[in-house]
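Let's take a walk through this one from the chain as a whole down to individual side-chain pairs. Have the viewer open as you read.

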Amino acid sequence: MSKPGEKQEWLQVAEAFEASGLTQKAFSAQIGLRLSTLQSWVYRRRRQAARKAPAVRLLPVEVAAVARESPVQLEVVLASGARLRFPVGADVEYVAQLVTALGR
């Protein structure tokens, strides 16, 4: 590969690496470029992109009240990922029939 001469061309090489899905070593070998040169321009491109990222604005939050959970004696997780929760004193036979019916 002929060596890029301008900064914009080097940034395009770094961008091509990012899009390639290859390791830096594999990409640099594929295009005939020294690994350290590629690493330098990838670092510069990432640093430049980080400067362009918008600033995060955090807002204050106040917790007014904590919700209390009702007591749960039994929780069943179905194969589909659905969760069934039953209160203290639930009829276990009913739970078994329900789980069987939902499993069909």
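What follows starts with the overall layout, moves to the first helix and the cores, and ends with the salt bridges.

First, keep in mind that you're looking at a predicted model. The chain has four helices and two strands, and read from the N terminus the order is α-α-α-β-β-α. Of its 104 residues, 17% are buried. Roughly 8700 Å² of the chain is exposed, and carbon and sulfur atoms account for 54% of that area. As for contacts, take the ones between residues at least 6 apart in sequence: 27% of these join residues at least 24 apart.

Now zoom in on α1, which covers residues 7–20. Does its length add up, or how far apart should its ends be? At 1.5 Å a residue, the 14 residues of this helix should span 20 Å, and the C-alpha atoms at its ends are indeed 20 Å apart, so the two agree. Just past the helix, Gly-21 adopts a positive phi of about 80 degrees.

Which residues of α1 are buried? They are Trp-10, Leu-11, Val-13, Ala-14 and Phe-17. Look down the helix axis and you'll see these buried residues fall within an arc of 155 degrees, so they line one face of α1. The cover over them includes α2 (24–31) and α3 (35–52).

That brings us to the nonpolar cores. The largest has eleven residues, among them Trp-10, Phe-17, Phe-27, Ile-31, Leu-38 and Trp-41. Helices α1, α2 and α3 are the elements that each give two or more residues to this core, and α1 gives the most, with five. Apart from this core there's another one, made of five residues, including Val-76, Leu-78, Leu-84 and Phe-86. Back in α1, Leu-11 is a handy residue to click on: leaving out residues up to four places away in sequence, Leu-11 touches Trp-41, Arg-45 and Gln-48.

Arg-45 also turns up among the charged pairs. How many salt bridges does the structure hold? There are five. In one of them Arg-45 pairs with Glu-15, with the closest N and O atoms 4.0 Å apart. Since Arg-45 sits in helix α3 and Glu-15 in helix α1, this pair ties together parts that are 30 residues apart in sequence. Arg-45 has a second partner in Glu-18, again with an N to O distance of 4.0 Å. This pair, too, links distant parts of the chain, with Glu-18 in helix α1 and Arg-45 in helix α3, 27 residues apart.

Are these side chains buried, exposed or something in between? Arg-45 is partly exposed, at a relative accessible area of 23%. Glu-15 is partly exposed as well, at 45%, and Glu-18 counts as partly exposed at 32%.

Over in the strands, Arg-85 forms a salt bridge with Glu-75, and here the closest N and O atoms are 2.5 Å apart. Arg-85 belongs to strand β2 (residues 83–87) and Glu-75 to strand β1 (residues 72–77), so the pair ties together parts ten residues apart in sequence. Arg-85 counts as exposed, at 55% relative accessibility, while Glu-75, at 36%, is partly exposed. Finally, back to the helices: salt bridges with shared partners join Glu-15, Glu-18, Arg-45 and Arg-46 into one network.

Key:
Residues numbered from 1 in each chain as written. Predicted model: local features only at pLDDT ≥ 70, side-chain atom pairs only at ≥ 80, totals over all residues. Heavy atoms only, no water. Expected span 1.5 Å × (residues − 1). Buried < 20%, exposed > 50% of the residue type's maximum accessible area, 1.4 Å probe, protein only. Arc of directions from axis to C-beta. Contact = heavy atoms within 4.5 Å. Core = buried A, V, L, I, M, F, W, Y, C linked by side-chain atoms within 4.5 Å. Areas by Shrake-Rupley, 256 points an atom, 1.4 Å probe, with all protein chains shown as cover. Salt bridge = Lys/Arg side-chain N within 4 Å of Asp/Glu carboxyl O.
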